[in-house]
Amino acid sequence: MPEDINTAYLETPLGWLQIAGSEAGITEVTFLDENPTVFPTEIPACLQNCYQQLSEYFKGERREFELNLAPNGTEFQQKVWQHLNAIPFGKTRSYLDVALQLGEPTYTRAVGSANGKNPLAIVVPCHRVIGANGSLTGYAGGLWRKKWLLQFEGISKQTELFT
């Protein structure tokens with residue numbers, strides 16, 4: 001029997017984030033395009049650490065997350081997401097870079113697909129993955145959010161995208 005999934009909402013400069021998870025870990029951090037209509041009266045205990053760390057991130061006080069994660073995904077998606085976690089704050093990698101790290105240089109499209117299905121926005125930094133030419137390709141939260149996040153992390157010029 002699956003554990004009960006709890007939900008919390010965090011207002012950010014990019015709109016609302018929905019945080020979901022259970023005692024097993026955080027399963028989802030997603031941007032909402034509309035304001036939430038129902039708020040829990042308090043943040044569930046299993047989500048408090050994630051809520052706090054995301055708050056610190058947006059205040060510029062945190063660069064890495066230390067959370068118990070439990071995203072749902074295929075084995076390949078899980079591998080890609082693990083590699084995304086290794087991309088440091090303020091740095092970017094291309095889809096090809098990630099494919100090469102996986103030992104599969106022909107998997108750039110598969111990496112892009114897994115990146116796009118990342119259910120843990122910001123926490124698993126899929127916004128740090130860009131096109132080989134430096135373009136800001138695809139982001140489930142919207143390209144404007146990806147651009148904002150990269151600038152927030154200090155990547156403001158096209159020439160800085162591959163540092």
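The following exchange asks how the terms used for this predicted model are justified.

Author: In this predicted model, local features need pLDDT of at least 70 and side-chain atom pairs count only at pLDDT 80 or more, while totals for chains, interfaces and linings use all residues. Residues are numbered from 1 along each chain as its sequence is written, and side-chain values use heavy atoms, with hydrogens and water left out.

Reader: Why is the contact of D33 and R145 called a salt bridge?

Author: The term requires a side-chain nitrogen of Lys or Arg within 4 Å of a carboxyl oxygen of Asp or Glu. For D33 and R145 the N to O distance is 3.5 Å, so the pair qualifies. By this rule there are four salt bridges. Side chains of opposite charge can pair when their charged atoms come close.

Reader: What makes D33 and R145 a link between distant parts of the chain?

Author: They are 112 residues apart. D33 is in the loop between strand 3 (25-31) and helix 1 (45-58), and R145 is in helix 5 (residues 143-152). Helices (H or I, at least four residues) and strands (E, at least two) are DSSP runs numbered from the N terminus.

Reader: How do you know whether D33 and R145 are buried or exposed?

Author: Buried means under 20% relative accessible area, exposed over 50%, and partly exposed in between, with a 1.4 Å probe and protein chains only. D33 has 73%, so D33 is exposed. R145 has 4%, so R145 is buried.

Reader: Which residue forms a salt bridge with E153, and what makes the contact one?

Author: The partner is R128, with the closest N and O atoms 2.7 Å apart; that distance is within 4 Å, so the contact counts. This pair also links distant parts of the chain, 25 residues apart: E153 lies in the segment after helix 5, and R128 in the loop between helix 4 (108-116) and strand 5 (129-130). E153 is buried because its relative accessible area is 6%. R128, at 4%, is buried too. Another salt bridge joins E56 and R62 at 2.8 Å, N to O, and both of these residues are buried.

Reader: What makes the space of about 210 Å³ a pocket?

Author: A 1 Å grid is laid over the protein atoms alone; a pocket is an open set of points with protein on both sides within 12 Å along at least five of seven lines, whereas in a cavity a 1.4 Å probe fits but cannot get out. Grid points are joined across faces, edges and corners, and the volume is the space filled by probe spheres set on the points. The largest pocket holds about 210 Å³ by this reckoning. Its lining has 14 residues, those with an atom within 4 Å of a point. The closest to the pocket centre are R63, E64, F65, N85 and R128.

Reader: How does the lining of the largest pocket divide by residue type?

Author: Ten are nonpolar, one is polar and three are charged. Here Ala, Val, Leu, Ile, Met, Phe, Trp, Tyr, Cys and Pro count as nonpolar, Asp, Glu, Lys and Arg as charged, and the others, Gly among them, as polar.

Reader: What makes I122 notable in its backbone?

Author: Its phi is near 70 degrees, a positive value in a residue other than glycine. Most residues other than glycine have a negative phi, and most peptide bonds are trans. I122 lies in the loop between helix 4 and strand 5, and at 1% relative accessibility I122 is buried.

Reader: How do you know that C126 carries an "active site" label?

Author: The label comes from a UniProt annotation in an unreviewed entry; such annotations may be inferred rather than shown by experiment, with positions in the numbering used here and feature names shortened. C126 is found in the loop between helix 4 and strand 5. At 5% relative accessibility, C126 counts as buried.

Reader: Why is strand 2 called largely enclosed?

Author: Seven of its eight residues are buried, so the rest of the structure largely encloses strand 2. Strand 3 is mostly covered, with five of its seven residues buried.

Reader: What makes strand 2 and strand 3 a pair?

Author: Two strands pair if DSSP finds at least two bridges between them. Strand 2 (residues 15-22) and strand 3 run antiparallel with six bridges, so they pair. In strand 3, G25 stands opposite S22, and F31 is the bridge partner of L17. A hairpin through two residues joins strand 2 to strand 3. Strand 1 (residues 6-12) also pairs with strand 2, in the antiparallel sense, over seven bridges.
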